[in-house]
Amino acid sequence: MERVAIIGVGQSEFGELWDRGFRDIVLSAGVEAIEDAGLEGKEIEAMYVGNMSGGRYLDQEHIAALIADYSGLAELNVPSTRVEGADASGGLALRQAYLAVASGVHDIVIAAGAEKVTDVGSEMTTDIMASSADREWEGFVGATLPALYALIARMHFIRYDTTPEDLAMVSVKNHRNGALNPKAQFRREIKVEDVMRSPFVADPLRLLDCAPLSDGAAAVIIANERVARQLTDSPVYITACTQASDYLALQNRKDITTMEAVRKASELAYKTAKMTPRDIDVVEVHDSFTIAEILAYEDLGFVEKGKGATLIREGITELDGELPVNTSGGLKSCGHAVGATGIRQAVEITYQLRGKAGKRQVDAETGLSLNIGGTGATAVVTIFEVR
Amino acid sequence: MLPRFWRKIKYRYDIVGSECESCGSKFYPPRNLCPVCRRRSRIKEIDFGERGTVVSYTVVYDSPDEFKLQKPYVVALIKLDDGPLITSQVVCDPDRVEVGMRVVKAFRKYFEEGDAGIIYYGTKFVPE
């Protein structure tokens, strides 16, 4: 296995980008990543694209070919592959790129993620996101994605005494971080009272417990160690990139307050990287809903099951805490551009490990990202190091 | 939606799922393969009866188009007395639903495809 490094990163702004189309957004992220890596573009041997639902958001399939075309890679006949795992699509693209380089098949590849969601209305968006859970047996009864996370949240409240205020504090923290991120969608701080006064989406989850759905794209250039050393003084190594599955519908899981795919993927990632949760300095998790961040604390092994809320209550996951989580603002404040999110998380960890995260910089030599599809049927865990 | 719906009418109108005779695992919705035994699965159909207990619930305020006239509505995870969990709607005042509430199966309309379209029926639950 080749050692694998990130040598370039790019991210479009995230948000409601009414005046920008899909092609335009993807291109801005891709060009930024290629420039950041100091490449011309022709060195790239393959492309992997994470996109959840071009078919329904844009009436456009064959997204990988479209992106290859508009990024100039079709002129060079570079193979381009779309991968899909709901909102873990970006994580899957990152992992495919990692595997392609680790295996020795390719020297330099690009992993991108992109979604354009604002060309359809919000009710359609709710329906599309519900298709990341079990459309026939959950979506059919009106169980939207927030509704399913609400079922998880209430179970966590009952079993472990987690409170709506704990969830609100996750949102408040992520907004505080996002306010420092020039590419975040919501660059403003909020208070616990703001969350608690926002309307219910699916009780007990309120509007400010839910990440927005955003337009956006992100890209990373991945190379083997030999090439990375030639091209950059600041490679960020990927020492593990693991993936696991769980039952699609909540009703088939033994315990809906545990994301078994996250537990399995992270156990394997720590083993592969020869690390423990204690060795991780900075983390990006998939806070599509605030309860998901609490679950992530537990299922990634940072705290025992049921004690997730203590990390937010004690400030441990704040920017100045022992284990900063979602320095970018997370999905809640930075924005959730569905298929782009897994790549966007890798971009943030790269900024942090290079020491280029600006006002939100933390002291870190190792990082971890967690990208989840739907209610956790797909999970991708990546560990990053600068050594 | 129609063909994939009517194929499963038997399982939607009644709570019919699967049991693996090799290991005793029970599944709703039905499966053709037991994920525990896989190749050694011995699947048979089983009716999980009509009663259960709410183990978690939510009141949905933001819904796709076809549910908008029902808002706010209750979606619950229900432990069936004779079987596994099922995700379904509970038809009651949203203020009344609580964890531990006893519920019983009821045949109800779910939604329709526009004004002149197909009407989809299925199982919901009502307080016992």
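1. In this predicted model, the buried residues of helix H3 of chain A pack against helix H1 (22–36), strand E2, helix H2 (54–57), strand E3 and strand E4 of chain A. The buried positions of H3(A) are A:Ile63, A:Ala64, A:Leu66, A:Ile67 and A:Ala68. An α-helix has 3.6 residues a turn, so residues three or four places apart point the same way. Helix H3, residues 63–70 of chain A, lies across E2, E3 and E4 (108–115), and its direction is at about 135° to that of E3(A). After H3(A) comes A:Gly72, which has a positive phi near 85°.

2. The sheet against which these helices can be placed is an open one of 9 strands in chain A, with the order E3-E2-E4-E7-E1-E8-E11-E10-E9 and with mixed pairing. Its edges are strand E3 (80–83) and strand E9 (282–284) of chain A, each of which pairs on one side only. From one strand to the next, the twist averages 25°.

3. At the E3 end, strand E2 (residues 46–50) of chain A is joined to E3(A) by 4 bridges, and the two strands run parallel; one of the pairs is A:Gly50 with its bridge partner A:Val83 in E3(A). Helix H4 (residues 89–102) of chain A also packs on the sheet, where H4(A) touches E1 (4–11), E2, E3, E4, E7 (216–224), E8 (236–245), E10 (366–373) and E11 (378–385), and the direction of H4(A) makes about 175° with that of E4(A).

4. Towards the other edge, strand E10 of chain A deserves a separate comment. E10(A) is mostly covered, with 8 of its 8 residues buried. In a regular strand the side chains alternate between the two faces of the sheet. Here both faces of E10(A) are covered, with A:Thr366, A:Leu368, A:Leu370 and A:Ile372 buried on one side and A:Gly367, A:Ser369, A:Asn371 and A:Gly373 buried on the other.

5. The partners of E10(A) differ in sense: E9(A) pairs with E10(A) in parallel over 3 bridges, whereas E10(A) and E11(A) are antiparallel over 8 bridges. Among the pairs are A:Val283 with A:Leu368 in E10(A), and A:Gly373 with A:Thr378 in E11(A). The hairpin of E10(A) and E11(A) has 4 residues between the strands, and within this hairpin A:Gly374 takes a positive phi near 60°.

6. Chain A is divided into domain 1 (4–120 + 214–237) and domain 2 (132–212 + 238–385), and the C-alpha centres of the two domains lie 23 Å apart. How many residues of domain 1 of chain A are in contact with domain 2 of chain A? There are 39 on the domain 1 side, in contact with 36 residues of domain 2. On the side of domain 1 that touches domain 2, E1, H4, E4, E7 and E8 of chain A each supply at least two residues, and the largest share, 8 residues, comes from H4(A). By class, that side of domain 1 has 22 nonpolar, 12 polar and 5 charged residues.

7. The largest nonpolar core has 167 residues, of which A:Val109, A:Ala111, A:Ala112 and A:Val220 touch the most other members. Helix H6 (residues 145–160) of chain A gives the most to this core, with 10 residues, and the core draws at least three residues from each of domain 1 and domain 2 of chain A. For A:Ala112, the contacts beyond four places in sequence are A:Val26, A:Ala29, A:Gly30, A:Met47, A:Val49, A:Ile67, A:Ala93, A:Ala217, A:Ala218, A:Ala219 and A:Ile343. A:Ile67, one of these contacts of A:Ala112, is also among the buried residues of H3(A).

8. The contact between the chains takes 28 residues from chain A and 26 residues from chain B. Helix H5 (122–130), H6 and strand E5 (200–203) of chain A each supply at least two residues of the chain A side, and H6(A) provides the largest share of that side, 7 residues. Classed by residue type, the side of chain A that touches chain B has 17 nonpolar, 5 polar and 6 charged residues. Strand pairing also crosses between the chains, since 2 bridges join E5(A) to strand E4 (residues 51–60) of chain B, and these strands run antiparallel; in E4(B), B:Val59 is the bridge partner of A:Asp203.

Methods: Residues numbered from 1 in each chain as written. Chains lettered and ligands numbered in written order. Predicted model: local features only at pLDDT ≥ 70, side-chain atom pairs only at ≥ 80, totals over all residues. Pairing = 2+ DSSP bridges. Axes fitted to C-alpha atoms, helices over the stretch in contact; angles between N-to-C directions. Contact = placed C-beta atoms within 7 Å. Domains from an automatic or database assignment. Nonpolar A, V, L, I, M, F, W, Y, C, P; charged D, E, K, R; others polar. Buried ≥ 20, exposed ≤ 12 C-beta atoms within 10 Å, placed from the backbone. Core = buried A, V, L, I, M, F, W, Y, C linked by C-beta atoms within 7 Å.
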